[in-house]
Amino acid sequence: MSGITDERRLFGRLRTAALVAVVLTCHAPMTVRGQDASAVEPIRHVASRVVKIFGAGGLQGLSDFGSGFLISADGHIATVWSHVLDAEFVTVVLDDGRRFEGKLVGAEPALDVAVLKIDGENLPYFELTDAVPASLGSRVLAFSNMFEVANGDEPVSVQHGVLSARINMSARRGAFESRYDGPIYVVDAITNNPGAAGGVLTTRDGRLLGMLGKELRDARTGTWLNYALPIEVLRTPITQIVTGDFSKKETDPDNVPKRLNRYAPRDFGLVMIPDVVARTPPYVDRIPADGPAAGKIQPGDLIIFVGDTLVSSVRVLNEEIGKLESGGNVRLVVRRGNELVTVELPIPRKN
Amino acid sequence: MRTPRGLTVSRWAGLACLVLVAVGRPAVAVDDAVLEAERARIATIEKVAPSVVAIFSSKGGGGGSGVLISPDGYALSNYHVTSACGEFMKCGLNDGKLYDAVIVGIDPTGDVALIKMLGRDDFPVATLGDSDQLKQGDWVYVMGNPFLLATDFAPTVTYGIVSGVHRYQYPAGTILEYTDCIQTDASINPGNSGGPLFNSAGELVGINGRGSFEKRGRVNVGAGYAISINQIKHFLDHLKSGRIVDHATLGATVRTDRLSRAVVVDSILPQSEAFRRGLREGDEIVSFAGRPIGSVNQFKNILGIYPDGWTVPLVYRREEQKTEIYVRLRPLHHQSELAETQGPKVPDPRQPPHPGPDGGPQPPPAEAAKDDLDADLKKLHEGRPGYANYYFNRQHQSRLEEGLKEFAGWSGRRGTWKFSGATDANQTFRVLLAEQSVGMWLDDKPYLQPLDAVDWLDEPPGTGGLLVAFQQFKWLVSEGPEAFTEFAYFGSEPLDGRGPLVDVLLTERGTLGARWYFRQSDGALIGYDSSLLADQDECRIRFVETVAFSGLRFPATFSVSSGDKQLGVFKVQQVEPPAK
């Protein structure tokens with residue numbers, strides 16, 4: 001009698017396990033129901049890990065609210081380093097309405113990232129090591145307290161979009177004035193609104209991709225940039241702030257990671273014009289007659305593509321050429337007069 | 001050797017071939033589920049697009065969007081769209097045709113307007129959905145006429161997700177307030193105002209009307225707001241009444257307690273019904289209209305979806321003791337405040353309906369100002385203070401008067417009425433409705449209400465003026481509308497806050513007021529509330545049964561209550577009507 005019951009129970013458990021497996025692995029069946037699956041469940045998951053932050057500001061168009069996300073069960077919160085945190089204390093409100101006083105643990109101004117701590121336990125949080133990179137064209141979700149729409153026990157706003165680009169922030173005077181000039185994710189949704197900075201960008205199934213950055217506007221075109229800082233970039237500094245261990249600080253001159261510079265334009269017989277301004281256009285200055293580019297590229301050509309990468313400056317050209325792997329050919333597209341000319345150059349073997 | 005130009009041309013030719021190949025046969029196999037989802041989207045859009053309205057001012061200039069909700073032409077839009085258009089407007093559908101439309105009712109606080117399109121009784125309509133079922137992440141369609149782009153009136157479709165539900169948007173400069181609204185990242189731009197928000201099944205779940213704009217100019221920045229259709233359902237009959245409808249206040253304000261974070265009563269008006277039912281400063285609001293209260297915004301959200309006059313339940317806690325009360329909500333504004341909103345005078349600082357000089361082609365040429373309108377059309381609008389269009393109120397008055405036909409035999413019988421019987425507490429009663437006064441004997445104890453006096457009495461005491469209530473019924477069935485200084489259809493409300501929706505006829509005679517309740521299914525009068533003065537507990541009469549006494553129908557059994565007291569069920573055994 002009890003044997004049968006146990007067997008049934010076991011069978012029941014197996015069935016439940018199978019069901020769970022199906023639900024976890026197959027997002028496709030959800031899409032077959034006529035409409036694409038809505039992201040209701042992942043959204044609940046993420047929204048419980050994103051917080052509303054209220055602090056300094058409220059004057060001269062500076063908002064006194066922002067966003068952040070929990071990164072530990074006992075209440076560490078990653079957010080953007082901004083004037084909002086420049087208060088005696090800031091208030092952190094979870095999606096269920098619980099309010100905490102947030103204390104600043106530390107900040108890495110070069111990355112515009114800061115960490116707050118609230119007195120909590122068993123809080124839902126993002127494991128930074130679980131953050132994933134995403135490929136272009138992926139569908140993404142953005143979560144933030146933009147425009148302070150959410151208050152009290154309301155979850156923050158969620159938006160959907162597509163990952164449009166992963167590029168380096170071209171931060172400089174006259175364009176996007178930001179201290180940060182590392183890689184960013186650019187999205188096609190209007191994610192970077194007042195109060196959105198410190199929110200998260202996730203995959204459509206709710207996995208962490210990046211932190212929404214501060215509002216940035218191109219000074220010339222007036223366009224706003226909708227972007228997020230990848231978690232890979234933030235993971236180490238955030239961990240260092242949380243642990244207080246800065247020994248591996250990347251800006252430490254002794255620990256600067258070796259730049260990948262396997263090749264230089266000269267290896268391909270290209271002499272570029274001197275890199276004198278922030279964004280020197282990559283014009284070819286000279287072609288040594290005995291070099292590999294002789295007869296293929298001419299002085300005055302503007303190099304537009306290295307492989308599939310658009311090179312907007314001599315600096316980017318140097319970086320892209322530096323990354324090439326030994327062997328095979330590299331395809332360059334140059335503008336000559338009004339034409340686009342494609343050439344292939346062999347990549348010299350190196351040890 | 002090819003010339004450079006030839007090279008260029010051949011490269012383009014090659015590219016063209018590639019494009020052709022790509023079109024002819026997809027290089028990448030597309031998942032069937034994706035194609036199926038696309039087909040479903042297209043089918044949904046085709047299904048609902050005919051109900052989407054492009055609204056233009058007949059004077060030229062402004063415009064917006066709307067959505068049809070009944071085959072005889074009722075359509076919803078934003079108040080801030082129609083207020084710029086005046087009493088008559090032009091409405092285009094995706095069949096390419098332009099229809100005349102007239103304003104019916106407006107809700108300036110909730111930013112909703114009801115219009116009636118004319119010329120057909122088979123307009124394509126949207127199905128009303130249940131906006132409380134929406135969740136963050138659900139797919140939604142926004143349709144309408146952003147930037148007044150559609151010269152053929154085919155609506156623009158934008159697609160997005162629900163970014164948030166039950167959002168509260170503070171009033172900004174005007175009395176407009178978006179409560180319990182739906183936030184979406186589907187593009188909402190100027191011109192989309194008044195247009196529909198559909199869920200993935202193509203059901204109408206909201207009316208788009210607002211965006212967060214701030215410093216980025218008045219275009220979509222990924223945060224648009226729609227008024228929930230569930231809120232509009234509460235107001236729909238009010239809007240059909242042709243009135244300028246009002247939202248409500250509890251007569252009390254709330255705040256979050258600093259320590260407990262509970263939502264507590266901050267201040268309360270002594271003349272409010274909530275006060276009379278026992279609510280006091282410092283009481284914790286546990287639930288309101290059946291929804292739990294966790295924040296001040298939640299309270300405002302819930303309050304904002306109810307019309308003035310509705311009765312809703314409220315649970316409060318004092319010293320661990322929970323109490324449930326039912327309170328009738330008071331009007332949020334003075335009539336004069338709302339009257340100011342009439343006509344095209346109120347600018348909306350956030351989203352004026354004018355899309356601006358680069359906002360696309362101008363709407364169809366100005367047909368005519370009202371003076372040049374067709375005479376038949378002009379008949380469909382009547383101005384009157386407190387009303388967007390009194391014409392529609394008169395239609396409903398006639399409809400409700402049909403429900404009084406049951407008592408038609410009493411018409412003109414202004415002489416002395418006598419009726420008597422016993423209550424469920426075995427008290428005997430005799431009532432005399434004479435021309436000079438009303439008298440009642442309850443177990444031989446007499447009560448009197450003179451009719452030549454200006455003082456209306458709460459007789460018997462604590463009943464809210466039962467004698468006056470009897471007299472009001474006499475006025476209604478013997479004299480009709482002429483007996484009252486005000487006689488108007490008000491809208492609908494759930495009877496006593498918990499019953500089915502009933503139509504409400506509002507009457508006034510001096511300071512006396514009455515709300516008469518008609519069953520929506522058959523139009524029968526089923527009871528009324530009679531009040532001596534505003535802000536006093538009224539006398540509530542509910543008919544249990546009507547019986548014919550020598551050919552004249554009379555409410556033979558009725559219950560009487562006032563405030564939170566049940567005063568008894570009266571059974572009439574004898575009725576003596578006067579001669580006609």
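## Architecture of a predicted two-chain model

Of the 351 residues in chain A, 39% are buried. The model is a predicted one, and its description begins here with chain A before turning to chain B. The secondary structure of chain A consists of five helices and 20 strands. Where contacts in this chain have a separation of 6 or more, 59% of them involve residues 24 or more positions apart. The domain assignment divides chain A into domain 1, covering 37–257, and domain 2, covering 265–346. Taken over C-alpha atoms, the centres of domain 1 of chain A and domain 2 of chain A are separated by 37 Å.

The two chains meet through 34 residues of chain A and 31 residues of chain B. On the side of chain A that touches chain B, the elements giving two or more residues are α2 (28–31), α3 (40–47) and β8 (157–168) of chain A. The most is given by β8(A), with four residues. By residue class, this side of chain A comprises 16 nonpolar, 13 polar and five charged residues.

Chain B has 10 helices and 31 strands. Buried residues account for 45% of its 580 residues. Among contacts in chain B between residues at least 6 apart in sequence, those joining residues at least 24 apart amount to 61%. Its domain assignment lists domain 1 (4–46), domain 2 (131–230), domain 3 (249–330) and domain 4 (404–576). Between the C-alpha centres of domain 2 of chain B and domain 4 of chain B there are 46 Å.

The strands β1, β2 and β3 of chain B can be followed in order. Strand β1 (residues 52–57) of chain B runs antiparallel to β2(B), and five bridges join them. Within this pair, A54(B) lies opposite S65(B). The two strands form a hairpin with five residues between them, and G60(B) in the turn has a positive phi of about 80°. On its other pairing, β2(B) joins strand β3 (residues 74–77) of chain B over two bridges, also in the antiparallel sense. Here V67(B) stands opposite L76(B). This second hairpin likewise has five residues between the strands, with G73(B) taking a positive phi near 110°.

Strand β2 (residues 63–68) of chain B is mostly covered, with six of its six residues buried. Both faces are covered: G63(B), S65(B) and V67(B) are buried on one side, and G64(B), G66(B) and L68(B) on the other. G66(B) is also one of the residues touched by I115(B), a list that further includes A75(B), S77(B) and M89(B). I115(B), together with I77(A), has the most contacts inside the largest nonpolar core, which has 139 residues. A second core, separate from this one, has 43 residues, among them V468(B), L476(B), V502(B) and V504(B).

Further along chain B, six strands form a closed barrel in the order β7-β8-β9-β12-β11-β10, with antiparallel pairing. On average, neighbouring strands of this sheet are turned by 45° against each other, direction ignored. Within the barrel, strand β8 (residues 156–169) and strand β9 (residues 178–184) of chain B run antiparallel and are joined by four bridges. One bridge partnership places R167(B) with C181(B) in β9(B). Helix α4 (residues 229–240) of chain B packs on the sheet and touches β9, β11 (204–211) and β12 (224–228) of chain B, its direction making about 40° with that of β12(B).

Helix α6 (residues 296–304) of chain B is largely enclosed by the rest of the structure, because seven of its nine residues are buried. These are N297(B), Q298(B), F299(B), N301(B), I302(B), L303(B) and G304(B).

Two loop positions in chain B can be set against R276(B). G563(B) lies in the loop between β30 (552–562) and β31 (565–576) of chain B. It counts as partly exposed because it has 17 C-beta neighbours inside 10 Å. Residues up to four places away in sequence aside, G563(B) touches R276(B) and D537(B). Although G563(B) and R276(B) are 287 residues apart along the chain, their C-alpha atoms are separated by 8.0 Å. K97(B), found in the loop between β4 (88–92) and β5 (98–107) of chain B, is exposed, with 11 other C-beta atoms within 10 Å. From C-alpha to C-alpha, K97(B) and R276(B) are 55 Å apart in space, with their positions 179 residues apart in sequence.

Technical notes. Residues are numbered from 1 along each chain as its sequence is written. Chains are lettered from A and ligands numbered from 1 in the order in which they are written. This is a predicted model: local features need pLDDT of at least 70, side-chain atom pairs count only at pLDDT 80 or more; totals for chains, interfaces and linings use all residues. A residue is buried if 20 or more other C-beta atoms lie within 10 Å of its own, exposed if 12 or fewer, and partly exposed in between; C-beta atoms are placed from the backbone. Two residues are in contact if their C-beta atoms, placed from the backbone, lie within 7 Å. Domain bounds come from an automatic or database domain assignment. Ala, Val, Leu, Ile, Met, Phe, Trp, Tyr, Cys and Pro count as nonpolar, Asp, Glu, Lys and Arg as charged, and the others, Gly among them, as polar. Two strands pair if DSSP finds at least two bridges between them. Axes are lines fitted to C-alpha atoms, for helices over the stretch in contact, and angles run from 0 to 180 degrees between N-to-C directions. A nonpolar core is a set of buried Ala, Val, Leu, Ile, Met, Phe, Trp, Tyr and Cys residues joined through C-beta atoms within 7 Å.
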